[in-house]
Amino acid sequence: AAIRDDNPVIFEEHKGLYRAPALREILPDEDYVVPLGKARIVREGSDLTIVSYGAMVHKSVEAAETMATEDGASVEVIDLRTLLPLDEDAIVESVKKTGKLLVVHEDTRTGGIAGEIAIRVSEKAFEWLDGPILRVTAIDSPVPYSGSLEDYFLPQTDDVLAAARYLAAY
């Protein structure tokens with residue numbers, strides 16, 4: 001869709017996903033297009049919505065599956081796929097269903113897309129919220145070069161799980 005669009009499109013690939021052999025899959029032989037501005041529901045749920053994109057979708061799914069197994073919680077996970085245009089309707093529809101929203105991304109907390117998503121949900125679905133909108137993000141710091149420090153800097157599955165459990169219990 002980015003190549004075929006008449007407008008300028010910035011497409012960024014996540015280098016960490018190249019090193020994740022468990023995420024490899026066979027693509028169909030026929031031509032297909034992932035539409036710009038259309039989110040994908042990766043996992044259906046009814047108790048809590050997690051909105052994410054990129055590598056954090058996989059960590060969010062891991063946390064959701066852990067919650068299903070250990071806590072009996074039904075967590076919906078939405079993969080935004082594009083940030084602009086943002087599929088606001090998919091997010092709002094899910095929040096109206098679950099009543100709770102957790103936004104997960106690798107960007108720093110300050111100035112990240114989570115704040116934009118939070119305000120849009122507050123403007124369009126506030127009356128459906130049964131708890132605060134929470135964010136799991138990287139810390140407000142430059143990205144470190146060291147691999148172990150990068151793991152500390154970036155959100156991990158346990159961070160998503162802790163925030164999701166807190167919100168689910170709210």
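These legends go with several close-up views of a predicted model. Residues are numbered from 1 along each chain as its sequence is written, and side-chain values use heavy atoms, leaving out hydrogens and water. As this is a predicted model, local features need pLDDT of at least 70 and side-chain atom pairs count only at pLDDT 80 or more, while totals for chains, interfaces and linings use all residues.

**View 1. An open, mixed sheet of 5 strands.** Reading across the sheet, the strand order is 1-3-2-4-5. (Strands here are DSSP E runs of at least two residues and helices are H or I runs of at least four, both numbered from the N terminus; two strands pair if DSSP finds at least two bridges between them.) Strand 1 (40-43) and strand 5 (134-138) sit at the edges, each pairing on one side only. From one strand to the next, the twist averages 25°; axes are lines fitted to C-alpha atoms, for helices over the stretch in contact, and angles run from 0 to 180 degrees between N-to-C directions.

**View 2. Strand 2 beside strand 4, with helix 2 on the sheet.** Strand 2 (residues 48-52) and strand 4 (residues 101-108) run parallel and are joined by 3 bridges. Look for threonine 49, which stands opposite leucine 101 in strand 4. Helix 2 (residues 55-71) packs on the sheet and touches strand 1, strand 2, strand 3 and strand 4, where contact means heavy atoms within 4.5 Å. The direction of helix 2 makes about 170° with that of strand 3.

**View 3. Backbone oddities in the loop between strand 3 and helix 3.** This loop runs between strand 3 (75-79) and helix 3 (88-98), and proline 85 is found in it. The peptide bond from leucine 84 to proline 85 is cis, with omega near 5°. Arginine 81 lies in the loop too, and its phi is near 65°, a positive value in a residue other than glycine. Arginine 81 counts as partly exposed because its relative accessibility is 33% (buried is under 20% relative accessible area, exposed over 50%, partly exposed in between, with a 1.4 Å probe and protein chains only).

**View 4. A salt bridge between helix 6 and helix 2.** The closest N and O atoms of arginine 165 and glutamate 70 are 2.6 Å apart; a salt bridge is a side-chain nitrogen of Lys or Arg within 4 Å of a carboxyl oxygen of Asp or Glu. Arginine 165 belongs to helix 6 (residues 157-169) and glutamate 70 to helix 2, so to speak distant parts of the chain, 95 residues apart. Glutamate 70 is exposed at 56% relative accessibility, whereas arginine 165 is partly exposed at 29%. By this rule, the count comes to 9 salt bridges.

**View 5. A salt-bridge network of Glu88, Glu116, Arg120 and Lys124.** Arginine 120 meets glutamate 88 at 3.0 Å, N to O. Arginine 120 lies in helix 4 (residues 113-125) and glutamate 88 in helix 3, so this pair ties together parts that are 32 residues apart in sequence. Glutamate 88 is buried at 14% relative accessibility, while arginine 120 is partly exposed at 23%. Arginine 120 also bridges to glutamate 116, the closest N and O atoms being 2.8 Å apart. Those two are separated by about one helical turn, because they are 4 residues apart in helix 4. Glutamate 116 is partly exposed, with a relative accessible area of 34%.
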